[in-house]
Amino acid sequence: MFDNGYPEEKYSAMRSHRTLNSGMQLFQGARNVMITGGSIRQVEENHYDGGMDVNSSRHHTLSIYINSGAIGMHILGQHIAFDAIYNSAEWFPPAKCHPGTRKKIISTILDWVNDPSPKERVLWLNGSAGAGKSAIAHSIAVLMQEISEDSKYAGSFFFTKGAIGHGDGTKLFSTIAYQLALKFPSFRSLIDTAILDNPTLPTKSIDVQLPYLIIEPLLRINDWPAHNPTVIIDGLDECSGSKRMQSEILSLISKAIIEHNIPIRFLIVSRPEYWISDTFEIGPLVHVTKPLCLRDDEDADVDIEKYLREGFNKIYEENFQIMSSTPRPWPPDHIIRWFVYSASGQYIYASTVLEFVGASSNFCDPREQLRILTMPGPHRASAFSDLDKLYATILSSYPRPNTMKRVLGGLLLYFSEKTIREILGVDSGEVQLVLRALSSLIKINKTEYSQEFRVLEPIFRSPLVEASISFCHLSFREFLTDESRSGEYAIHESTVCHEFVCTMLKLGIDMFQDSQRAERTIAW
């Protein structure tokens, strides 16, 4: 099955020999050991009695029972990220979708999950920062594991950037294997054999773990469900260990599906970072992936409005003694619509609004909290601190902040890519690098001219394609222009305008001087 230089028969024999040796190492130095069926019983040990001379000891009888089918699982359990599993204490309360929202997105995913033979073995759910991807992934996990009666849920891993354990990509495949073993008994026995064969497997690199902990057991199992179950991997872009680790995970999954045809499918959730997008759109996964982009969710604004209205109603009821003199509907419709517009499809914005208005830890009046959000000032900036941390984290990943700010300054003033290059003096390659790095915050729409104008392409010596570049969220624009929120990443539009005007004046002067030189040359 694997190219290790040995024929399959010889490889199996060697593995059996290693299993025997590694098993016998468990009993080195032991005496009077009796093995009965699935139990190991050790009936003697040396025990030092502190009240006796150091050179003397007494023999005590001790019985140890170990289930032979649990040793490997116990070893594997020492090297997994329990906090990465969707229903761990780390994720309580769970970040599920608000009832009645995201219906079309969830329905699309469940249709794929329930399809007995889908064309695509991978579904890639992607969306910009704060779009509610993890909430959707959690909701899908709950629906598959806790509501569905069949075995369509195989396991999950929810990454969190910088977290110990569930931010670590090296624990991904061992954690998935552990969940598969808990759910499918026949898989468990194969995992136990693999770990007893080599107890260091969970500590190996991911390109070793995947074959021996997942691929080989899946290909040897006899009673696997006919309907391939689904593994959920959320927040792949938050996996620590650099872009290379994230790309390697996708590469290994593609090989497992394409080369080994393993009987599981993957729901992978992430931001559309360029190195991830490339793998799905032009890389090895392109032909086995069903992409689902939250930017295309036409119901996002309707869902966010529903979420906000029901959230504000709950705040009103919980603070009725304070709010009793305030007429309903509260807040007025125009404020709700303004919040929906500002969210720009961003659920994290809406949840931040509700959390701030409904805050009770400091004896806050919801009416005053709402007023703070609708009026400019330093207090409003503090309301979006979590959102601002998200933006700052994304911006901090770019190694040349000054160049990045020049590009962002141009986008704030709705400059085209060409204007940013020629007027603000940013190299073409650098512009592309910035746009790639900030792909989860920026959207690019390219429009080709009609066929009638295409005949002019030879004159311009380039294809007539116009790219419209804009921010995904209004809140990101507000973040960049408010120094109290963005700090070192703040951009002053007046400074960018001043540079633009100065450059244009200089170009005009240069053109005028060039024209005078041309006239003098003709006169001569």
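**A walk through the predicted model**

Eight of the 11 residues of helix 13 (residues 347-357) are buried, so this helix is largely enclosed by the rest of the structure. The buried residues of helix 13 are Tyr347, Tyr349, Ala350, Thr352, Val353, Leu354, Phe356 and Val357. The model in which this helix is seen is a predicted one, and the description that follows should be read with that in mind. Leading up to helix 13 is the loop that joins it to helix 12, and serine 344 has its place in that loop. Phi of serine 344 is near 50°, a positive value in a residue other than glycine, and serine 344 is partly exposed, with a relative accessible area of 27%.

From the helix we can turn to the sheet. Five strands form an open sheet in the order 6-7-8-5-9, and their pairing is parallel. Strand 6 (153-158) and strand 9 (289-293) stand at the edges of this sheet, and because each has a single partner strand, one side of each is left without a neighbour in the sheet. From one strand to the next, the twist averages 15°. In general, the strands of a sheet pair through backbone hydrogen bonds, in either the parallel or the antiparallel sense.

The pairings can be followed across the sheet, starting from the edge at strand 6. Strand 6 is joined to strand 7 by five bridges, and the two run parallel; within this pairing, phenylalanine 158 stands opposite aspartate 234 in strand 7. Strand 7 is in turn joined to strand 8 by five bridges, again with the strands running parallel, and here isoleucine 232 stands opposite leucine 267 in strand 8. Strand 8 (residues 265-270) also pairs with strand 5 (residues 122-126), in the parallel sense and over five bridges, and asparagine 126 has serine 270 of strand 8 as its bridge partner.

How many of the residues of strand 7 (residues 230-234) are buried? Five of the five are, so strand 7 is largely enclosed by the rest of the structure. In a regular strand the side chains alternate between the two faces of the sheet. For strand 7 both faces are covered, with Thr230, Ile232 and Asp234 buried on one side and Val231 and Ile233 buried on the other.

Val231 appears again in the lining of a cavity. The structure holds one cavity of 30 Å³ or more, and about 30 Å³ of space lies in the largest cavity. Its lining is made up of Phe173, Ile176, Leu210, Ile214, Val231, Ile264 and Phe266. The elements that give two or more residues to this lining are helix 5 (172-183) and helix 7 (206-220). Sorted by class, the lining has seven nonpolar residues, with no polar and no charged ones.

The cysteines raise a separate point. A disulfide is a covalent bond between the sulfur atoms of two cysteines. With a cut-off of 2.5 Å between the sulfur atoms, the count in this model comes to zero disulfides. Why does cysteine 472 not form a bond with cysteine 293? The sulfur of cysteine 293 is the closest cysteine sulfur to that of cysteine 472, but it lies 8.8 Å away, which is too far for a bond. Cysteine 472 is buried, with a relative accessible area of 9%, and cysteine 364 is also buried, at 19%, where the limit for counting a residue as buried is under 20%.

Several features of the backbone deserve a closer look. The loop between helix 2 (71-77) and helix 3 (103-114) holds proline 93, and the peptide bond from phenylalanine 92 to proline 93 is cis, with omega near -5°. Arginine 102 is found in the loop between helix 2 and helix 3 as well. Although arginine 102 is not a glycine, it has a positive phi of about 60°, and it is buried, with a relative accessible area of 3%. Another cis peptide bond runs from tryptophan 330 to proline 331, with omega near -10°, and proline 331 is found in the loop between helix 11 (320-323) and helix 12 (333-343).

Lastly, tryptophan 275 has its place in helix 9 (residues 274-281) and counts as buried, at 15% relative accessibility. Tryptophan 275 and alanine 437 are 162 residues apart in sequence, while their C-alpha atoms are 9.5 Å apart in space.

Conventions
Residues numbered from 1 in each chain as written. Predicted model: local features only at pLDDT ≥ 70, side-chain atom pairs only at ≥ 80, totals over all residues. Heavy atoms only, no water. 1 Å grid on protein atoms, 1.4 Å probe; cavity = no way out; pocket = protein on both sides within 12 Å on 5 of 7 lines; lining within 4 Å. Points joined across faces, edges and corners; volume = space filled by probe spheres on them. Helix = DSSP H or I, 4+ residues; strand = E, 2+ residues; numbered from the N terminus. Nonpolar A, V, L, I, M, F, W, Y, C, P; charged D, E, K, R; others polar. Buried < 20%, exposed > 50% of the residue type's maximum accessible area, 1.4 Å probe, protein only. Pairing = 2+ DSSP bridges. Axes fitted to C-alpha atoms, helices over the stretch in contact; angles between N-to-C directions.
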